[in-house]
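Me: Could you take a close look at one part of this protein for me, the second largest pocket and what surrounds it? I'd enjoy one connected walk-through, with a word on how far to trust the model and on any unusual backbone along the way.

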Amino acid sequence: MARFRFCPNCGVTLSLDEQPQVCGGCGAEHYEHSYPCAGALLVKNGQLLLVRRGIEPYKGCWDIPGGFLEAGEHPEDGAVREVEEETGLKVRLRGFFGAYIDTYGQGGDYTLNLFYLAEPIGGEPRPASDAQELAWFPPDGLPEPLAFSHIRQVLEDWRASQSPTMRSVESHRR
Ligand SMILES: [Zn+2]
C-alpha cells in the first residue's frame, strides 16, 4: 500500500518492515504519509447534505461529499471541486471545520481529511461521480450506515456545534 516493494528511483527491492524505507541501491529514503482529502459540510436551512456512496469502499453507506486532493491543489479548491462533482451544487466555503485522521477502508492507506463549512450558491442537486444518492438531514436525524469511521466523529462534532447555545451565538453575528 503506502510502502514500496521496489525503489521508485532505481527498482531495488525494499524492506517492508522499515520506516522510512532506505534504499540499498541509491540511498533514497521513502517515508510513509497520509493522503490529503478535503470535503464540505454543506448546510441549508439547518440541514446537512450527505451522499450515499456508489463505489467501494463503503458502497451504499452515507458520506460527506469530498475526496482526494489533486497534486498541488489547495484543500479549499479541492473541497469545492469534489462537492460540485458529486452533487452538482456550486458552494461557497464559510470557514474551516476540522482535520480528521483515518484510513481508506480496512487496512487502507492513511488519510488526512480536512473539512470546511459551506453553503450552496447555485447548481441543481443530482448525484454523480462517486455518489448514487443525495439527501438533506437534520442534526438529530442523521442516517445509517455511515462510511469511513471518521465520518461518525465529524457528524457528532457538527451536531454538537448546532446545539441551541451555539445557534444563538451565530444569530448574534447576523
Ligand atoms: Zn533506490
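Reply: Happy to. Let's start with confidence, as this is a predicted model. In the protein chain, helix α3 (residues 164-173) has the lowest confidence, with a mean of 54, while strand β5 (residues 62-63) has the highest, at 98. Over the protein chain the mean pLDDT is 92, and 93% of the residues reach 70 or more.

Now to the pocket itself. The second largest pocket holds about 300 Å³ of space. Its lining is made of 24 residues, and those closest to the centre are R53, D63, G66, G67 and F148. Several elements give two or more residues to this lining: the strands β3 (35-44), β4 (47-53), β6 (66-68), β7 (89-103) and β8 (110-123), together with the helices α1 (75-87) and α2 (149-161). If you are thinking about the chemistry of the lining, by class it has eleven nonpolar residues, seven polar and six charged.

Of these contributors, α1 deserves a longer look. This helix has 13 residues and spans 18 Å from its first C-alpha to its last, close to the 18 Å expected at 1.5 Å a residue. Its buried residues are P75, G78, A79, R81, E82, V83, E86 and T87, so each of them has under 20% relative accessible area. What do the buried residues of α1 pack against? Their partners are β3, β4, β6, β7 and β8, along with β9 (131-137). Of these partners, β3, β4, β6, β7 and β8 also appear among the elements that give two or more residues to the pocket lining. Just after the helix comes G88, with a positive phi of about 80°.

The loops beside these elements hold the backbone details you asked about. Between β3 and β4 sits N45, which has a positive phi of about 55° although it is not a glycine. N45 is exposed, at a relative accessible area of 74%. Further on, the loop between β4 and β5 contains P57, and the peptide bond leading into it from E56 is cis, with omega near -5°. Y58 belongs to the loop between β4 and β5 as well; its phi is near 65°, again a positive value in a residue other than glycine. Is Y58 buried, exposed or partly exposed? Y58 is partly exposed, with a relative accessible area of 27%.

There is a cis peptide bond from E144 to P145 too, with omega near -10°. P145 is in the loop between β9 and α2, and α2 is one of the elements with two or more residues in the pocket lining.

For contrast with the open pocket, here is the enclosed space. The count comes to one cavity of 30 Å³ or more, and the largest cavity has a volume of about 30 Å³. Its lining consists of A2, R3, F4, Q19, Q21, H30, Y31 and E32. By class, these divide into three nonpolar, three polar and two charged residues.

To pull the picture together, the pocket has R53, D63, G66, G67 and F148 closest to its centre, and α1 both contributes to its lining and packs its buried residues against strands β3, β4, β6, β7, β8 and β9.

Conventions: Residues are numbered from 1 along each chain as its sequence is written. This is a predicted model: local features need pLDDT of at least 70, side-chain atom pairs count only at pLDDT 80 or more; totals for chains, interfaces and linings use all residues. Side-chain values use heavy atoms; hydrogens and water are left out. pLDDT is the predictor's confidence in each residue, from 0 to 100. Helices (H or I, at least four residues) and strands (E, at least two) are DSSP runs, numbered from the N terminus. On a 1 Å grid over the protein atoms alone, a cavity is a set of points where a 1.4 Å probe fits but cannot get out, and a pocket is an open set with protein on both sides within 12 Å along at least five of seven lines; lining residues have an atom within 4 Å of a point. Grid points are joined across faces, edges and corners, and a volume is the space filled by probe spheres set on the points. Ala, Val, Leu, Ile, Met, Phe, Trp, Tyr, Cys and Pro count as nonpolar, Asp, Glu, Lys and Arg as charged, and the others, Gly among them, as polar. The expected span of a helix is 1.5 Å times one less than its number of residues. Buried means under 20% relative accessible area, exposed over 50%, partly exposed in between (1.4 Å probe, protein chains only). Contact means heavy atoms within 4.5 Å.
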